[in-house]
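Subject: Structure handover

Hi,

Here is the structure I promised to pass on. Please open it first; my notes follow below.

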Amino acid sequence: MPRMFVPGPVDVDDEVLQAQAQPMLPHRSKEFEEIFRRASEKAQELFFTRYRVFLTASSGTGLQEAAVRNFVDRKVLSCANGAFADRWYEVAVSNGKEVEKLEFEWDQPVDPERVAAAVKGGGFEALTIVHNETSTGMQNPVKEVAEAVHAVAPDTLILVDAVSSLAGARIEMDAWGLDMVLTSSQKAIALPPGLGLGAVSDRAMGKAETVENRGWYFDLVRMEKHRLKDSSPATPAMSLIFALDHQLDRILAEGLENRFARHSAMARRVQEWADAHDLSMYAPAGFRSQTVTTIKNERGIDISDLNAFLKQRGMRIANGYGPLKNKTFRIAHMGETEIDDLEELFAAMEEYLKR
Ligand SMILES: *Cc1c(COP(=O)(O)O)cnc(C)c1O
């Protein structure tokens with residue numbers, strides 16, 4: 001079924017698309033509140049958390065904004081080694097926060113020791129980090145970063161963007177001591193775009209109560225009051241909640257362990273294919289994403305021409321992101337994608353490369 005090897009929006013299962021066609025309900029009705037609560041409770045499993053999961057009518061970037069508005073009064077550290085980390089930095093700056101950017105080369109992971117040295121005594125209320133940098137195919141060592149930060153700055157909240165990895169890779173919010181983990185619907189969860197999911201720890205909620213100018217739409221303190229009544233302050237994206245409810249059943253029926261194993265097997269297969277074709281990975285071994293692989297375009301392939309060829313076969317891959325356009329290309333292997341789909345893609349790519 002999946003034909004789009006792009007890192008979101010990904011293909012959505014037909015049954016899940018159909019789930020959106022359910023008739024509307026009044027959003028303040030027992031029937032809808034039951035579905036809203038059930039979906040949010042099942043979602044906790046994806047985050048490995050006992051804490052609340054907010055469901056917002058926004059894409060993931062909305063929750064990047066919510067994170068800095070709610071958990072930072074003044075000063076935040078932004079770990080940056082890719083395009084989406086840069087976006088989060090800009091979101092924090094444009095919300096008037098004092099942001100220190102801790103930069104790493106894009107082809108290097110965030111280094112826990114450097115982060116620890118930066119937060120130590122720095123008075124940072126929070127730090128932001130991207131788990132799976134979709135631009136570079138890098139999986140940052142969030143668990144190790146959290147450990148290092150807890151040791152030297154235990155009050156600094158750890159805010160994690162897991163937009164392209166949550167539900168495709170293991171991120172244990174509670175065990176790792178993370179304070180917010182956020183994601184979007186249209187990537188590894190494989191729903192249509194338009195829904196944000198954000199899990200928030202109790203201590204982060206406590207912090208939010210002390211922060212001024214949280215705004216209105218993304219005020220998580222207000223949202224929490226409604227959430228406790230299985231509701232939201234504004235009208236939820238109802239059709240997407242129906243789809244989420246159904247998709248979570250499918251994900252949990254597959255089993256998270258099986259799902260993670262399926263993704264890492266696909267990541268290995270893509271790396272093996274690239275190796276066999278004299279192409280190397282942008283991210284170093286040991287830090288490669290399970291859900292999207294960024295390959296260096298060392299053979300000078302015309303990526304848009306390749307994609308035009310693939311489109312005739314109903315498939316497409318993604319060009320490099322931003323400054324990496326044409327220098328790299330990306331093959332996503334998240335959501336519903338299976339190894340057999342990749343084999344079909346590789347067969348077509350080989351046909352193209354032989355021409
Ligand atoms: C796609 C993406 C975003 C942006 O998410 P939207 O849902 O488009 O707002 C942020 N971070 C990462 C890592 C992403 O892959």
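The model is predicted. I start with the strands, then turn to the ligand.

Strand S13 (residues 328–332) and S11 are joined by 5 bridges. The two run antiparallel. One bridge to look at: threonine 293 has isoleucine 331 in S13 as its partner.

Both strands belong to an open sheet of 4 strands. Its order is S1-S12-S13-S11, and the pairing is mixed. Strand S1 (4–5) and strand S11 (292–296) form the edges. Each of these pairs on one side only.

Now the ligand. Where does the ligand sit? It occupies the largest pocket. Two elements give two or more residues to the shell around it: helix H3 (60–71) and helix H4 (83–94).

The ligand has 14 residues around it. Those that come nearest are Ser59, Thr61, Thr134, Asp161 and Lys187. By class, the shell holds 3 nonpolar, 8 polar and 3 charged residues.

Some polar distances for your setup:

- Threonine 134: a side-chain N or O atom is 2.4 Å from an oxygen atom of the ligand.
- Threonine 61: a polar side-chain atom lies 2.5 Å from a ligand oxygen atom.
- Serine 184: a polar side-chain atom lies 2.7 Å from an oxygen atom of the ligand.

How much of the ligand does the protein bury? Taken alone, the ligand exposes 380 Å², and the protein buries 91% of that.

Best regards

Conventions: Residues numbered from 1 in each chain as written. Predicted model: local features only at pLDDT ≥ 70, side-chain atom pairs only at ≥ 80, totals over all residues. Heavy atoms only, no water. Near = heavy atom within 4 Å. Polar contact = N/O pair within 3.5 Å; in protein donor to acceptor, adjacent residues only side chain to side chain. Areas by Shrake-Rupley, 256 points an atom, 1.4 Å probe, with all protein chains shown as cover. 1 Å grid on protein atoms, 1.4 Å probe; cavity = no way out; pocket = protein on both sides within 12 Å on 5 of 7 lines; lining within 4 Å. Sits in = over half its atoms within 2 Å of the grid points. Nonpolar A, V, L, I, M, F, W, Y, C, P; charged D, E, K, R; others polar. Pairing = 2+ DSSP bridges.
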